[in-house]
Amino acid sequence: MIVATKTLAVVPSLLAGDLARLGEQLDQVKAAGCHWVSVDVMDGHFVPNLSFGPDFVKLAKKKGFYVDTHLMVTNPMQVAPWFVEAGTDVLTAHIEVLENPAESMKAIRKLGVKSGLAVKPKTAVDGLIKALDSVDLALVMTVEPGFGGQKFMADMMPKVAALRAAIDEKNLDCWIQVDGGVNAVNIAQCAAAGADSLVAGSAVFAAKDPAAAFRELELKARAAFKPQQ
Ligand code: DX5
């Protein structure tokens with residue numbers, strides 16, 4: 001299976017999907033060229049909401065997608081094996097709950113999947129930059145995690161630019177993902193700052209035509225993204 005080529009990817013988030021028609025909506029974005037989706041896992045503790053379990057990862061894998069699982073939980077290392085077993089390709093944990101982020105990332109890689117490390121809006125990016133050698137995906141939240149449909153925080157872009165500089169300087173093979181409030185108005189700004197994995201929930205699945213919405217986001221992001229020379 002072709003996984004996301006390391007140029008740029010727009011990544012629909014299943015949280016915004018219509019659960020009565022999720023399979024159909026996944027087929028629609030797949031037909032539009034999408035190959036990567038994101039599954040949000042919330043425990044009602046790290047964030048004030050509850051969402052999906054491993055079965056949603058299984059559904060997305062069954063549909064042939066590359067999947068990242070975004071763990072918004074206080075015990076990511078305990079639940080990690082369930083999502084690895086479900087077939088996730090990337091497993092992202094939040095730095096705010098990890099005592100030793102670099103060690104946790106290495107432990108995730110040892111489970112046979114790519115490691116992802118996320119920062120909330122109020123968390124500085126320094127700790128993430130320090131752990132970059134063991135990170136395959138660096139996630140900058142552009143909303144306070146917990147709900148879809150929130151307003152995009154443009155003041156998170158300096159974190160993206162700092163990550164882009166650190167990753168390019170070390171010539172690391174690491175994705176920079178943004179997540180929260182990303183839409184057709186602000187996606188170019190994210191790509192121009194250096195993000196190459198752009199999560200979009202309501203901008204895709206709450207649109208009248210998810211396939212057309214996906215294509216528009218991809219066009220705008222690709223036009224603004226400057227790959228490393
Ligand atoms: C929020 C989640 C996001 C959310 C994105 O905590 O991590 O993935 O579903 O949805 P939008 O794009 O609607 O903000």
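Me: What makes Ser202 a polar contact of the ligand?

Reply: An oxygen atom of the ligand is 2.4 Å from an N or O atom in the Ser202 side chain. A polar contact is a pair of N or O atoms within 3.5 Å, so the Ser202 pair qualifies. The model is predicted: local features need pLDDT of at least 70, side-chain atom pairs count only at pLDDT 80 or more, and totals for chains, interfaces and linings use all residues. Residues are numbered from 1 along each chain as its sequence is written, and side-chain values use heavy atoms, with hydrogens and water left out.

Me: How do you know that Asp40 and Gly201 make polar contacts with the ligand?

Reply: The Asp40 side chain has an N or O atom 2.9 Å from a ligand oxygen. For Gly201, a backbone N or O atom lies 2.8 Å from a ligand oxygen. Both pairs therefore meet the cut-off.

Me: How much of the ligand does the protein bury?

Reply: Alone, the ligand exposes 380 Å² (Shrake-Rupley method, 1.4 Å probe). The protein buries 99% of that.

Me: Which residues of the shell come nearest to the ligand?

Reply: The shell has 19 residues (a heavy atom within 4 Å of the ligand). Gly146, Asp179, Gly181, Gly201 and Ser202 come nearest.

Me: Why is the ligand's space called a pocket?

Reply: On a 1 Å grid over the protein atoms alone, a pocket is an open set of points where a 1.4 Å probe fits, with protein on both sides within 12 Å along at least five of seven lines. The ligand takes the space of the largest pocket, and sitting there means that more than half of its atoms lie within 2 Å of the grid points.

Me: Which residues lie closest to the centre of the largest pocket?

Reply: About 260 Å³ of space lies in this pocket. Of its 25 lining residues, Phe147, Gly148, Gly149, Asp179 and Gly180 are closest to the centre.

Definitions and conventions: Polar contact = N/O pair within 3.5 Å; in protein donor to acceptor, adjacent residues only side chain to side chain. 1 Å grid on protein atoms, 1.4 Å probe; cavity = no way out; pocket = protein on both sides within 12 Å on 5 of 7 lines; lining within 4 Å. Points joined across faces, edges and corners; volume = space filled by probe spheres on them.
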